[in-house]
Amino acid sequence: MGRHEEREQVFLLLFRAEFHPPADMPGQIRLFLEDNEAVSSQKGGERIEERCRLICERIPELDKLIDENTEGWNTARMGRVELTILRLAVYEMRFDDDIPPRVAIDEAVELAKRYGQENSGGFVNAILAKILKLGD
């Protein structure tokens, strides 16, 4: 499984976390990985689970950064798809040295186009571009 596919699986698992309390997530992770044909190895499943856990631990910090870089929006008003994509991308941009920030943005925009609404790609791109400028 390549990085692109792994990122998509992390997104799908993070999205699931939006609908379940933290106490239910171990069971949700097991269910997600159990019947998921896209996750072809135990090692891949472990990487996806670990990445999801790391992102979930930083949600308050990620949401604060997202809120500080939006005008007329905040995380409480955003669609869950867009918010989940933003959290994943901001995590990659700020805390994953293996992923160049521009790659994180491009991948996030692609996820938004695939799973979001018609204007989700532009919405996600605008916020992430602003966050990228802060880091430069």
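In the predicted model, the axes of helices α1 and α5 approach within 10 Å and cross at roughly 125 degrees. Because angles count as roughly antiparallel only over 145 degrees and as roughly perpendicular from 65 to 115, α1 is oblique to α5. The crossing of α1 over α5 is right-handed. From α1, the residues engaged in this contact are Arg7, Val10, Phe11, Leu14 and Phe15, and from α5 they are Arg80, Val81, Thr84, Ile85, Leu88 and Glu92. Classification of the residues in the contact of α1 with α5 yields seven nonpolar, one polar and three charged.

Helix α1, which spans residues 3–17, also meets helix α6, formed by residues 101–115. The axes of α1 and α6 come within 11 Å and cross at roughly 55 degrees, and the two helices are therefore oblique to each other. The handedness of the α1 and α6 crossing is right-handed. On the α1 side, the contact involves His4, Arg7, Glu8, Phe11 and Leu12, while α6 contributes Glu107, Leu111, Arg114 and Tyr115. The residues that join α1 to α6 comprise four nonpolar, one polar and four charged. Arg7 and Phe11 of α1 take part in the contact with α6 and are also listed in the contact with α5.

The pairing of α5 with α6 was examined next. These helices pack at an angle of about 165 degrees, and their axes lie 9 Å apart. Helices α5 and α6 are therefore roughly antiparallel to each other, with a right-handed crossing. The α5 face of the contact consists of Val81, Ile85, Leu88, Ala89, Glu92 and Met93, and the α6 face consists of Pro101, Ala104, Ile105, Ala108, Leu111, Ala112 and Tyr115. By class, the contact of α5 with α6 contains twelve nonpolar residues, no polar residues and one charged residue. Several residues recur across the pairings: Val81, Ile85, Leu88 and Glu92 of α5 contact α6 and also appear in the contact with α1. Likewise, Leu111 and Tyr115 of α6 contact α5 and are included in the contact with α1.

The protein as a whole contains seven helices and zero strands, and its elements follow the order α-α-α-α-α-α-α along the sequence. Its radius of gyration is 14 Å, close to the 14 Å given by the globule rule for 136 residues, so the protein is as compact as a globular protein of that length. Along the principal axes, the C-alpha atoms fill a box of roughly 40 × 30 × 30 Å.

Confidence in the prediction was also assessed. The mean pLDDT of the protein is 91, and 99% of the residues reach 70 or more. Confidence is highest in helix α5 (residues 80–95), at a mean of 97, and lowest in helix α2 (residues 25–34), at a mean of 86.

Terms used
Residues are numbered from 1 along each chain as its sequence is written. This is a predicted model: local features need pLDDT of at least 70, side-chain atom pairs count only at pLDDT 80 or more; totals for chains, interfaces and linings use all residues. Side-chain values use heavy atoms; hydrogens and water are left out. Axes are lines fitted to C-alpha atoms, for helices over the stretch in contact, and angles run from 0 to 180 degrees between N-to-C directions. Helices (H or I, at least four residues) and strands (E, at least two) are DSSP runs, numbered from the N terminus. Angles under 35 degrees count as roughly parallel, over 145 as roughly antiparallel, 65 to 115 as roughly perpendicular and the rest as oblique. A crossing is left-handed if the near helix is turned anticlockwise from the far one by less than a right angle, and right-handed if clockwise. Contact means heavy atoms within 4.5 Å. Ala, Val, Leu, Ile, Met, Phe, Trp, Tyr, Cys and Pro count as nonpolar, Asp, Glu, Lys and Arg as charged, and the others, Gly among them, as polar. pLDDT is the predictor's confidence in each residue, from 0 to 100. The radius of gyration is taken over C-alpha atoms; the globule rule is 2.2 Å times the number of residues to the power 0.38.
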